[in-house]
Amino acid sequence: MRLNYIPLLVLLLALLAVAPGSAQGVKYLYGSPDLSASIAGTNEFAPGDETAVTVTISNSGLNTVKIAVPSMPPDDQPNTAKLATVALKSGDAPFTVKTDPQFVGDIRGGSSVIATFNMKVADSAKPGTYTLPLDVTYTYMETMDDYTDLLRYNYIEKTVTLPLEVRVTPDLRVEVLDVRTESLNVGTEGYVYMTIKNVGHDIGENAIVKIARSGTSPLIPTDGSAYIGTFEPGETVDVKFKVSVANTAEEQSYPLDVAVTYENYEGETVTSKAVTVGLPVGGKIDFEVVSPPTTLYLGQKSVLEVVYKNVGAAPVYSAQARISAVDPFTSSDDTAYLGDLAPGETATARFEVNVDTDATEKEYGIDSEIRYRDALDNSKISDTIKVEVVLERRQGAFFTNPIFIIVVLAVIIGAGYYILVYRKKH
């Protein structure tokens, strides 16, 4: 049989298959949609990725037989996938599809449509190639009966599952097994110790562990990177960092981000997904004056004794107290050494203070502050601390007043001179 007669034979067989009620002169079109799907852009994803994936659904179906002179043109072509709906599923792949099925309308032969799906790759996904099934449900015209003045369409619904190939790439993922702090208090700088593990599947070359501020957290790294070299999957390392705590912080835990920058399996420098850990922060270092108000006297130089107490949550080292002497006070010795003070310990400072003679008798508050070093030898200054003093006039002070003494001496000398002159004359 010659090949040229095959289409005619197919048409003849189709005519014989017509239902008994079909009218004479029925004519047919033949064809059907032929769908395929592909991902627009990369199909490689790393564990933990959450991204939007655009899928292109193409129809390469052809109409194999066509009536050259139909009684009237049909509304649809057999190779058109009508009223198509697409649904992406995860299948056995470590993916979670977060988008419901989408209606994409008609897909004519030789054309394509797109649909976008949001999906997430599991954090624990192993590297490899996976297949995501894409179900496409549509209706198409299987046959058409031509009765010269009447066209009768025979539609059927069909669902095809199209494979979408995706690939999960190896990566390095960080898990913080242990974290502890040392001397981390409000307004100071302290150490942070961590034990981290590579729970991913990629070997990190020239790996550097880095910590970073998490949002507006008051924890600010001052020495935030540690080189660890090659970081194998399953390997653990211990690292140490310096972190400062803002003065505005409170005694509670605050977040800090941890990540690893490394060269991946393709030699590219990448950074792992950050992991957030919580660090406990101790209370602020603070001091109080625990001695009672000191009485000072007008016009006199006195020793002002002040007892300071460390009421903070951490020890201080090489502490020095200083007062700010302003009118009516003056001082030539306004600094006193307190030494090391553990929480709850006290130390006494002594200052020489002169008080103006014309000052008002009442209670005063002299500003003082303490300069100290924290556990990491950083120089710090405390908040201002008030030292209460009471100014009084000492009883009998008039007779010890230097002016009074000079006047008395002048009177005595004058009287003696007068008596001496008087005796010489008489």
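Reader: Where in the chain does Thr169 lie?
Author: The model is a predicted one, and Thr169 is in a part of it that joins two strands. Strand S11 covers 151-168 and strand S12 covers 174-182. Thr169 therefore belongs to neither strand, given those ranges, but to the loop between S11 and S12.

Reader: Is Thr169 buried or exposed, and at what relative accessibility?
Author: Buried means under 20% relative accessible area. Thr169 touches Glu44, Phe45, Ala46, Pro47, Pro127 and Tyr265, leaving out residues up to four places away in sequence. Thr169 counts as buried because its relative accessibility is 9%.

Reader: What is the volume of the largest pocket, and which residues are closest to its centre?
Author: The volume of the largest pocket is about 380 Å³. Its lining is made of 23 residues. Those closest to the centre are Ala46, Pro47, Asp171, Leu172 and Lys273.

Reader: Which elements give two or more residues to the lining of the largest pocket?
Author: By class, the lining holds 11 nonpolar, 4 polar and 8 charged residues. The elements that give two or more residues to this lining are strand S3 (44-45) and strand S19 (269-271).

Reader: Why does Asn59 count as buried?
Author: Asn59 is part of strand S4, residues 50-59. Not counting residues up to four places away in sequence, it touches Pro33, Asp34, Leu35, Asn79, Thr80, Ala81, Ile107, Arg108, Gly109, Gly110 and Ser111. The cut-off for buried is under 20%. Asn59 counts as buried because its relative accessibility is 2%.

Reader: Which residue has its backbone nitrogen 3.0 Å from a polar atom of the side chain of Asn59?
Author: The residues that Asn59 touches include Pro33, Asp34 and Leu35. The backbone nitrogen that lies 3.0 Å from a polar atom of the Asn59 side chain belongs to Asp34.

Reader: What is the relative accessibility of Gly190, and is the residue buried or exposed?
Author: Gly190 lies in strand S13, which covers residues 189-198. Leaving aside neighbours within four places in sequence, Gly190 is in contact with Glu182, Ser183, Leu184, Phe241, Lys242, Val243 and Leu376. Gly190 counts as buried, with a relative accessibility of 0%.

Reader: How many Å separate the C-alpha atoms of Gly190 and Ser244?
Author: Along the chain, Gly190 and Ser244 are 54 residues apart. In space, their C-alpha atoms are separated by 6.3 Å.

Reader: Which residues are joined by a cis peptide bond with omega of about 15°?
Author: One partner is Pro328, in the loop between strand S24 (316-324) and strand S25 (329-333). The cis peptide bond, with omega of about 15°, joins Asp327 and Pro328.

Reader: Is Val326 buried or exposed?
Author: Val326 is found in the loop between S24 and S25. Its C-alpha atom is separated by 9.1 Å from that of Asp367, 41 residues apart along the chain. Exposed means over 50% relative accessible area. At 55% relative accessibility, Val326 therefore counts as exposed.

Reader: What is the phi of Ser318, and what does the residue count as at 36% relative accessibility?
Author: Ser318 has its place in strand S24. It is not a glycine, yet its phi is positive, about 50°. Buried is under 20% and exposed is over 50%. At 36%, Ser318 therefore counts as partly exposed.

Reader: Where does Asp377 lie, and what is its phi?
Author: Asp377 lies in the loop between S28 and strand S29 (379-381). Asp377 is not a glycine, but it has a positive phi of about 65°.

Reader: How far is Asp358 from Gly299 in space, C-alpha to C-alpha?
Author: Asp358 lies in the loop between strand S27 (346-355) and strand S28 (363-373). Asp358 counts as exposed because its relative accessibility is 75%. In sequence, Asp358 and Gly299 are 59 residues apart. In space, the C-alpha to C-alpha distance is 7.5 Å.

Reader: How many helices and strands does the protein have?
Author: The protein has 426 residues, of which 39% count as buried. Its secondary structure comes to 3 helices and 30 strands.

Key:
Residues numbered from 1 in each chain as written. Predicted model: local features only at pLDDT ≥ 70, side-chain atom pairs only at ≥ 80, totals over all residues. Heavy atoms only, no water. Helix = DSSP H or I, 4+ residues; strand = E, 2+ residues; numbered from the N terminus. Buried < 20%, exposed > 50% of the residue type's maximum accessible area, 1.4 Å probe, protein only. 1 Å grid on protein atoms, 1.4 Å probe; cavity = no way out; pocket = protein on both sides within 12 Å on 5 of 7 lines; lining within 4 Å. Points joined across faces, edges and corners; volume = space filled by probe spheres on them. Nonpolar A, V, L, I, M, F, W, Y, C, P; charged D, E, K, R; others polar. Polar contact = N/O pair within 3.5 Å; in protein donor to acceptor, adjacent residues only side chain to side chain. Contact = heavy atoms within 4.5 Å.
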